[in-house]
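I opened this notebook to record what I looked up, item by item, with the coordinates on screen beside the sequence.

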Amino acid sequence: MNIIVCIKQVPSTNEVRLDPEKHTIIRDGRQSVINPFDTHGIEAAVALKEKHGGKVSCLSMGIPATERLLRDAIASGADDALLLTDRAFAGADTYATAYALACGVRKMTDPDLIICGKMAVDGDTAQIGPELASQLGIPFLSDVTEIIESAEDHLICRCQSDGGSMVARMELPGLITVTRELNQPRFPSIAGIRASRQASVVSMGAQEVEADPKLIGLSGSPTRVVKSYAPDKETKAQVLNGPAATLSQTLLAMIKEAK
Ligand SMILES: Cc1cc2nc3c(=O)[nH]c(=O)nc-3n(C[C@H](O)[C@H](O)[C@H](O)COP(=O)(O)OP(=O)(O)OC[C@H]3O[C@@H](n4cnc5c(N)ncnc54)[C@H](O)[C@@H]3O)c2cc1C
């Protein structure tokens with residue numbers, strides 16, 4: 001089973017900095033980690049490779065420093081990686097990101113399965129998985145909490161939904177987005193860390209993946225961020241004392257006033 005795991009570099013802290021003019025996230029590679037949901041994607045892919053054989057490849061669109069994180073993924077059991085890095089990709093919205101990733105997928109060994117995280121902890125749209133599946137014309141299951149059955153030609157998965165959960169069968173090739181409940185990511189082994197230093201991490205730009213320049217980056221993005229700002233953090237606490245009956249009335253009055 002050939003599996004591609006999509007990996008996004010995200011800031012390791014909540015200190016997300018925004019470019020005040022471009023309204024985009026400033027990514028300088030410092031203090032970055034693999035999006036936590038993607039570590040569960042890597043674990044799921046490596047477990048499926050152990051069961052069915054095949055290869056696990058990682059794919060990321062990011063700055064050159066993302067290579068370090070792709071090597072971390074290889075240390076955790078992936079075999080190789082493709083990094084899409086090019087100034088022409090900068091400023092992409094989710095649609096342009098999914099398009100660029102689809103161009104990358106087409107340059108890789110034909111996948112039976114593509115795995116994305118449920119969402120990125122910084123962008124948080126949860127759109128890339130479904131959009132990538134749509135761009136590639138393959139089925140997808142989102143918010144997978146359990147892979148109940150896996151075979152060369154299909155998966156049966158339990159998926160989280162707003163009202164509970166559902167069990168669904170998907171023919172392969174297909175795409176899943178995964179949740180934290182799916183598994184416990186393993187620690188990199190010493191052999192894995194050694195392998196990650198030698199492993200192939202190929203970098204490609206927009207031309208190499210034959211991306212249409214009109215569909216990538218800021219100019220290829222159908223959405224525009226017109227304003228971005230960090231919300232004011234205001235902590236106003238008021239301690240109320242007195243008997244419960246009076247307190248509830250006071251509280252109700254305060255809530256009505258605040259509305
Ligand atoms: C107009 C506009 C301009 C933007 N400009 C910038 C910018 O200049 N710089 C910037 O960093 N962001 C920018 N963004 C945000 C960027 O579009 C999103 O971060 C990106 O498309 C992924 O969306 P998300 O973070 O919500 O991922 P989600 O959809 O929540 O992520 C789900 C999963 O998709 C996969 N995934 C997501 N992104 C990638 C990736 N890059 N590579 C591989 N796998 C991935 C991962 O598996 C991840 O777990 C911009 C957004 C808009 C709307």
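How many salt bridges does the structure hold? I note before answering that this is a predicted model, and I then record the total, which is 10 salt bridges.

**Salt bridges**

I began with Asp 79, which forms a salt bridge with Lys 49, the closest N and O atoms being 3.1 Å apart. Asp 79 lies in the loop between α2 (66-75) and β5 (80-84), whereas Lys 49 belongs to helix α1 (residues 36-52), so this pair ties together parts that are 30 residues apart in sequence. I looked up the exposure of both partners: Asp 79 is partly exposed at a relative accessible area of 33%, while Lys 49 is buried at 18%, a value that falls under the 20% cut-off for that class.

Next I took Arg 169 and Glu 171, which form a salt bridge with their closest N and O atoms 2.7 Å apart; Glu 171 counts as partly exposed, with 39% relative accessibility.

For the salt bridge between Lys 214 and Asp 212, I noted 3.6 Å between the closest N and O atoms. Lys 214 is exposed, its relative accessible area being 63%, and Asp 212 counts as partly exposed at 25%.

I also found a network of salt bridges that links Glu 43, Glu 50 and Arg 186.

**A polar contact at Asp 122**

Which side chain does Asp 122 join in a polar contact? I find that of Lys 8, with a contact of 2.9 Å between the two side chains. Asp 122 sits in the loop between β6 (113-117) and α4 (128-136), and I entered Asp 122 as buried because its relative accessible area is 16%.

**Cysteines**

I searched the whole structure for disulfides and obtained 0. Cys 103 is in no disulfide, the nearest cysteine sulfur being that of Cys 6 at 13 Å. Cys 159 is likewise in no disulfide, and here the nearest cysteine sulfur, that of Cys 157, is 5.7 Å away; the cut-off for a disulfide is a sulfur pair within 2.5 Å. Are these two cysteines, Cys 103 and Cys 159, buried or exposed? Cys 103 counts as buried at 4% relative accessibility, and Cys 159 is buried as well, with a relative accessible area of 1%.

**Strands β7, β8 and β9**

From Cys 159 I went on to the strand pairing, since Val 144 stands opposite Cys 159 in β8. Strand β7 (residues 140-150) and strand β8 (residues 154-161) pair in the antiparallel sense over 5 bridges, and a hairpin through 3 residues joins β7 to β8. On following the chain further, I noted that β8 and strand β9 (residues 164-171) pair in the antiparallel sense over 8 bridges, with a hairpin through 2 residues joining β8 to β9. As one of the bridge partners I wrote down Gly 164 in β9, which pairs with Ser 161.

**A nonpolar patch**

Which residues form a nonpolar patch on the surface? I recorded Leu 251, Met 254 and Ile 255, which together have about 250 Å² of accessible area. Met 254 is found in helix α6 (residues 244-258), and I classed Met 254 as partly exposed because its relative accessible area is 30%.

Technical notes:
Residues numbered from 1 in each chain as written. Predicted model: local features only at pLDDT ≥ 70, side-chain atom pairs only at ≥ 80, totals over all residues. Heavy atoms only, no water. Helix = DSSP H or I, 4+ residues; strand = E, 2+ residues; numbered from the N terminus. Buried < 20%, exposed > 50% of the residue type's maximum accessible area, 1.4 Å probe, protein only. Polar contact = N/O pair within 3.5 Å; in protein donor to acceptor, adjacent residues only side chain to side chain. Salt bridge = Lys/Arg side-chain N within 4 Å of Asp/Glu carboxyl O. Patch = residues over 30% accessible without salt bridge, like charges linked within 9 Å, V, L, I, M, F, W, Y side chains within 5 Å. Areas by Shrake-Rupley, 256 points an atom, 1.4 Å probe, with all protein chains shown as cover. Pairing = 2+ DSSP bridges.
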